[in-house]
Amino acid sequence: MTQPASRVRVAVIFGGVSSEHDVSCLTAGGVTRAMDPAKYDVIGIGITPSGKWTQVTRDAMAAMEVVDGKLPRLDEDAPEATLLQCAGEGGRVATIAQDRIVDVRDFDVAFALLHGPFGEDGTIQGLFEMYQVRYVGSGVAGSAIGMDKDLMKRTLQSAGLPVGPWLAVTPIDWKTDPQGVLDSARHLELPLFVKPARGGSSVGISRVTSYDDLPAAIAAAQRHDPKIVIEQGFTAVREIECAVLTDPEGGSPRVSLPGEIEMHTEEKFYDFESKYLAESQVTLHVPAILDDDLREQCRAVAGEAFAALAAEGLARVDLFATGQGEVYVNEINTMPGFTRFSMFPMMWAASGVSYPEVIDWLLGLALTRPMGLR
Ligand SMILES: Nc1ncnc2c1ncn2[C@@H]1O[C@H](COP(=O)(O)OP(=O)(O)O)[C@@H](O)[C@H]1O
Ligand SMILES: [Mg+2]
């Protein structure tokens, strides 16, 4: 069957070297299945856990799902692919066999569905900028700041947005003055949350209820990132999230109705298992049942957080709402989980924008966004 020439050629880049490789594959599966084949020609580029760029067919991408409780992963032996420079505003990808380029395909726009470091953190965005490739989502600075929980909180705080107390610990801090770090952490009230600064999907995060447990929690977080953050834990808060999209007409960011994550046990936080595997530990309310004031406050804070980071395209802003009606920002994700059952698309669906419409919206923004410095 011949396809109309006007199909948009989209390079979907997924997988990646971060601990969220599998989640990215899941996201790529969901997005690929939702992309209308009459509108989009999908060129799959999978980055394996070791960092190899590979060609993946549309069918193989569409098949990526949780099977028997196991998340999908990319095969290291797949044919090698590489990005090439191409004159103009598109991109070019080549397949390599026996050290030779055997196939070259041009595309119009890149959609990097990568979560975590080396994907969501400005690195691949920098590659796209260097190669003048159009791409979905935040630029270099917005991605990098959004990824780093310390830089993110500093940026939000300087924009007057509420964030909880925290302490950043660099490898030098920990090496030269571990006791100073532990003493400083005692100024934060228990429970504490110890996290890799640039993590995601709750990987490497510990909830600490005794200061004596800090060194072990710090070591656990450092296995994922040499820089870590120690946060004062919020208790008796509701976890509220909002999905944000750039306004195509250049107005203020569009913010969805909020959603809520309800954990069924106080000690348990929204960890990796409850996010992707054990559905019984958590209930998602989309939209969240909130009184009008709190709902609008959440939406306002989410939109302001998006603007403070100069985020572009999309982001999910995660909030804590206290019983006193205060709203704090927990984090902003510039490439949030994006399967049909993820909060980001579900919040848009509840706000009247379907999953395929969100994808059209994002690709439309990327195709019309000016290149270069913005
Ligand atoms: N300061 C905090 N107070 C209370 N709960 C927290 C705090 N930080 C994280 N959590 C819990 O841990 C989960 C994961 O933390 P988060 O910072 O969102 O990490 P990630 O970037 O890996 O998603 C949150 O969804 C929440 O349930
Ligand atoms: Mg989170």
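Q: What makes the approach of S201 to ligand 1 a polar contact?
A: A polar contact is a pair of N or O atoms within 3.5 Å. A backbone N or O atom of S201 lies 3.2 Å from an oxygen atom of ligand 1, so the pair meets that definition. This is a predicted model, in which local features need pLDDT of at least 70, side-chain atom pairs count only at pLDDT 80 or more, and totals for chains, interfaces and linings use all residues. Residues are numbered from 1 along each chain as its sequence is written, chains are lettered from A and ligands numbered from 1 in the order in which they are written, and side-chain values use heavy atoms, with hydrogens and water left out.

Q: Why is the pair formed by F234 and ligand 1 called a polar contact?
A: A backbone N or O atom of F234 lies 2.7 Å from a nitrogen atom of ligand 1, and therefore the pair satisfies the cut-off already stated.

Q: What makes the pair formed by N330 and ligand 1 a polar contact?
A: A polar side-chain atom of N330 lies 3.0 Å from an oxygen atom of ligand 1, so this pair also qualifies.

Q: How much of ligand 1 does the protein bury?
A: Taken alone, ligand 1 exposes 540 Å² (Shrake-Rupley method, 1.4 Å probe); the protein buries 96% of that.

Q: Which classes of residue form the shell around ligand 1?
A: The shell has six nonpolar, six polar and six charged residues. Asp, Glu, Lys and Arg count as charged, Ala, Val, Leu, Ile, Met, Phe, Trp, Tyr, Cys and Pro as nonpolar, and the others, Gly among them, as polar.

Terms used: A polar contact is a pair of N or O atoms within 3.5 Å; within protein, one must be able to donate a hydrogen and the other to accept it, and residues adjacent in sequence count only if both atoms are side-chain atoms.
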